Amino acid sequence: SSDLSPSFFILASIPGLEAAHFWMAIFLCSMYIVAVTGNCAVLFIVKTEPSLHAPMYFFLCMLAAIDLALSTSTVPRVLSFYWFNIREISFGACLVQMFLIHTLSAIESTVLLAMAVDRYVAICHPLRHAAILTNAATAKIGLAAMARGVLFFLPLPLLLLPLPFCSSRLLSHSFCLHQDVMNLACANTTPSMVYGLTAILLVMGLDAVLICLSYILILKAVLRLTSWKERLKAFSTCVAHICVVLAFYVPLIGLSVVHRFGKDLAPLVHITMGNIYILVPAVLNPIIYGVRTKQIQKRILNLIHIYNN
């Protein structure tokens with residue numbers, strides 16, 4: 001049996017570990033609190049610290065806002081499942097959540113590319129950096145990243161909307177992803193599958209290639225410097241961004257591999273990879289930049305000192 005418009009989907013649980021859902025929720029909730037606190041702190045510090053009003057930190061604010069939106073669009077729903085056993089998610093809510101996850105991921109990928117370009121200009125063309133990456137240019141890049149994500153990934157839920165779905169409503173994650181929902185349709189999903197893969201390659205795939213190209217050019221410029229001290233000083237400004245790029249792309253690639261080649265893997269693998277993809281970048285990004293940026297460190301210590309007094 002099938003419905004043209006299913007009323008709900010069922011979120012995945014881990015067979016045999018239902019009794020541990022409460023403690024899993026505690027762990028996820030703790031990570032979510034860290035993510036929200038860290039990213040809100042980044043937004044507040046950059047806003048209130050005039051010395052951080054520069055393109056690199058504006059991009060960092062965009063990254064923090066995206067991570068807040070991405071984690072908030074998924075984690076509260078996951079917690080309601082783990083704590084209150086609310087396993088059903090309506091068809092419409094599932095499509096909206098799916099759109100937000102993929103669109104926000106695309107926007108984050110574009111912002112990471114913009115940050116790589118910022119590092120390239122700062123190291124390879126330092127005298128032109130202020131003229132090229134002005135505040136107006138930074139704002140336009142942010143708007144372009146948002147438009148790019150929406151335009152590329154809005155068709156995903158629209159392509160799924162008219163499909164008939166089989167009697168099975170069970171997802172393989174605790175939230176909705178395109179590949180996961182598409183696999184439950186009992187119709188030809190080739191157009192949806194081809195478009196989804198094309199969108200990912202043209203956005204995340206292309207961004208990854210351009211980021212690598214940026215760092216090849218940066219490495220060439222750094223190696224032309226005369227002393228190792230100058231080389232280390234120049235490249236050290238890129239360490240935080242490299243770590244953030246790895247925190248985003250490694251879970252993304254891992255989740256894609258599990259979806260396309262890991263159909264026989266245990267449900268625990270699918271659910272764990274999904275939660276890592278949603279939460280780990282949001283948790284790590286403010287920590288990485290907090291550790292690597294002296295101005296942010298100093299501001300955090302000042303806030304802690306004021307709070308303790």
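**Aromatic pairs and the helix 11–helix 12 contact**

Good morning. The structure holds six aromatic pairs. I should say at once that this is a predicted model.

I begin with two of those pairs. Phe 22 and Trp 23 form an edge-to-face pair, with 5.1 Å from centre to centre and 85° between the planes. Phe 22 is partly exposed, at a relative accessible area of 42%, while Trp 23 is exposed, at 61%.

The second pair joins Phe 91 and Phe 165, and is again edge-to-face, with centres 5.7 Å apart and planes at 70°. What does this pair tie together? Phe 91 belongs to helix 4, residues 91–124, and Phe 165 to strand 4, residues 165–166, so the pair connects parts that lie 74 residues apart in sequence. Both rings belong to buried residues: Phe 91 has a relative accessibility of 6%, and Phe 165 has a relative accessible area of 0%. Ring pairs also bring in Phe 9, so that Phe 9, Phe 91 and Phe 165 make up a cluster.

I turn now to the annotated segments. An unreviewed UniProt entry lists, under "transmembrane region", residues 20–45, 57–79, 99–121, 141–165, 193–218, 239–262 and 268–291. I will take two of these spans. Residues 20–45 are 96% helix and 0% strand, and their end C-alpha atoms lie 38 Å apart. Residues 99–121 are 100% helix and 0% strand, with 33 Å between the end C-alpha atoms.

Next, the packing of two helices. How do helix 11 and helix 12 run relative to each other, roughly parallel or roughly antiparallel? The axes of helix 11, residues 239–261, and helix 12 come within 9 Å and cross at roughly 175°. Because angles over 145 degrees count as roughly antiparallel, helix 11 is roughly antiparallel to helix 12. By class, the contact between the two helices comprises 18 nonpolar residues, five polar and one charged. On the helix 11 side the participants include Val 244, Ala 247, Phe 248 and Pro 251, and on the helix 12 side they include Tyr 277, Pro 281, Asn 285 and Arg 292.

I close with Asn 285. This residue is found in helix 12, residues 267–292. Is Asn 285 buried or exposed? With a relative accessible area of 2%, Asn 285 is buried. Leaving aside neighbours within four places in sequence, Asn 285 is in contact with Leu 63, Asp 67, Glu 108, Val 244 and Ala 247. Of these partners, Val 244 and Ala 247 are in helix 11.

Thank you.

How values were computed
Residues are numbered from 1 along each chain as its sequence is written. This is a predicted model: local features need pLDDT of at least 70, side-chain atom pairs count only at pLDDT 80 or more; totals for chains, interfaces and linings use all residues. Side-chain values use heavy atoms; hydrogens and water are left out. Helices (H or I, at least four residues) and strands (E, at least two) are DSSP runs, numbered from the N terminus. Buried means under 20% relative accessible area, exposed over 50%, partly exposed in between (1.4 Å probe, protein chains only). Contact means heavy atoms within 4.5 Å. Axes are lines fitted to C-alpha atoms, for helices over the stretch in contact, and angles run from 0 to 180 degrees between N-to-C directions. Angles under 35 degrees count as roughly parallel, over 145 as roughly antiparallel, 65 to 115 as roughly perpendicular and the rest as oblique. Ala, Val, Leu, Ile, Met, Phe, Trp, Tyr, Cys and Pro count as nonpolar, Asp, Glu, Lys and Arg as charged, and the others, Gly among them, as polar. UniProt positions are given in the numbering used here, feature names are shortened, and annotations may be inferred rather than shown by experiment. Rings of Phe, Tyr and Trp (its six-membered ring) pair if their centres lie within 6.5 Å; planes under 30 degrees apart count as stacked, over 60 as edge-to-face and the rest as tilted.
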